[in-house]
Amino acid sequence: MKKNDAYFMERAFILAAQAKDEDVLINPKVGAVYVKDGHILAEGYHRGFGQLHAEYDALKDKTISVEGATVYVTLEPCAHDDLYPACTKLLIEKNVKRVVIASLDPNPIEDGDGVAALSAAGIAVTTGVLSEKNKTLNMAYFGRF
């Protein structure tokens, strides 16, 4: 099987689906996969309310470089600081090359700011890869906005 954007996004969805509704509460289920040269370097998911976002979870125990990697994430990386620094800051700091996003975050606090921050930093962004799958997985979250 050819490993393309849909292939790696499917892996991100497998990770996101591991989160339990009772753990994420009002948050979305999100998976993230860092890929370079067709190989997965790191992967993670948002495990529960107040815990690391998927982009951070994937790197929490890793000392490897993800510079130049493509990151597949099921929901637009956040651009605002909350319990943790914004995921966009992490991706910019790690000097990733490209971010592929299933769906933009419908939360008005984001309003496309994640994509804007990544693009302003010179990171290529692709959106809409398997977005309908994300809307099904996160029906309750998308229904709130």
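This briefing covers the sheet, the helices packed on it, one buried strand residue, the largest pocket and two loop residues. The model is predicted. Its strands include five that form an open sheet with mixed pairing. The largest pocket holds about 470 Å³ of space.

**The sheet**
- The strand order is β2-β1-β3-β4-β5.
- The edges belong to β2 (39-45) and β5 (124-127). Each of these two has a single partner strand, so one side of each lacks a neighbour in the sheet.
- On average, neighbouring strands are turned by 15° against each other, direction ignored.
- Strand β3 (residues 70-75) pairs with β4 (residues 98-103) in the parallel sense. Five bridges join β3 and β4.
- V73 has I101 of β4 standing opposite.

**Helices on the sheet**
- Helix α1 (residues 5-16) lies across four strands: β1 (31-36), β2, β3 and β4. The helix runs at about 145° to β1.
- Helix α5 (residues 113-120) also packs on the sheet, where it touches β4 and β5. The directions of α5 and β5 make an angle of about 150°.

**T70, a residue of β3**
- T70 is located in strand β3.
- Its relative accessible area is 13%. Buried means under 20%, so T70 counts as buried.
- Leaving aside residues up to four places away in sequence, T70 touches V33, Y34, V35, R98 and V100.

**The largest pocket**
- The lining of this pocket is made up of 28 residues. Closest to the pocket centre are N27, P28, H53, H80 and D82.
- Two elements, α3 (54-57) and β3, each give two or more residues to the lining.
- By class, the lining has 15 nonpolar, seven polar and six charged residues.

**Two loop residues with positive phi**
- Most residues other than glycine have a negative phi. Two exceptions are worth locating in this model: D111 and L130.
- D111 has a phi near 50°. This residue sits in the loop between β4 and α5.
- The relative accessibility of D111 is 61%. Exposed means over 50%, so D111 counts as exposed.
- L130 has a phi near 65°. Its place is the loop between β5 and α6 (131-137).
- The relative accessibility of L130 is 27%. That value falls between the 20% and 50% cut-offs, so L130 counts as partly exposed.

Terms used
Residues numbered from 1 in each chain as written. Predicted model: local features only at pLDDT ≥ 70, side-chain atom pairs only at ≥ 80, totals over all residues. Heavy atoms only, no water. Buried < 20%, exposed > 50% of the residue type's maximum accessible area, 1.4 Å probe, protein only. Contact = heavy atoms within 4.5 Å. Pairing = 2+ DSSP bridges. Axes fitted to C-alpha atoms, helices over the stretch in contact; angles between N-to-C directions. 1 Å grid on protein atoms, 1.4 Å probe; cavity = no way out; pocket = protein on both sides within 12 Å on 5 of 7 lines; lining within 4 Å. Points joined across faces, edges and corners; volume = space filled by probe spheres on them. Nonpolar A, V, L, I, M, F, W, Y, C, P; charged D, E, K, R; others polar.
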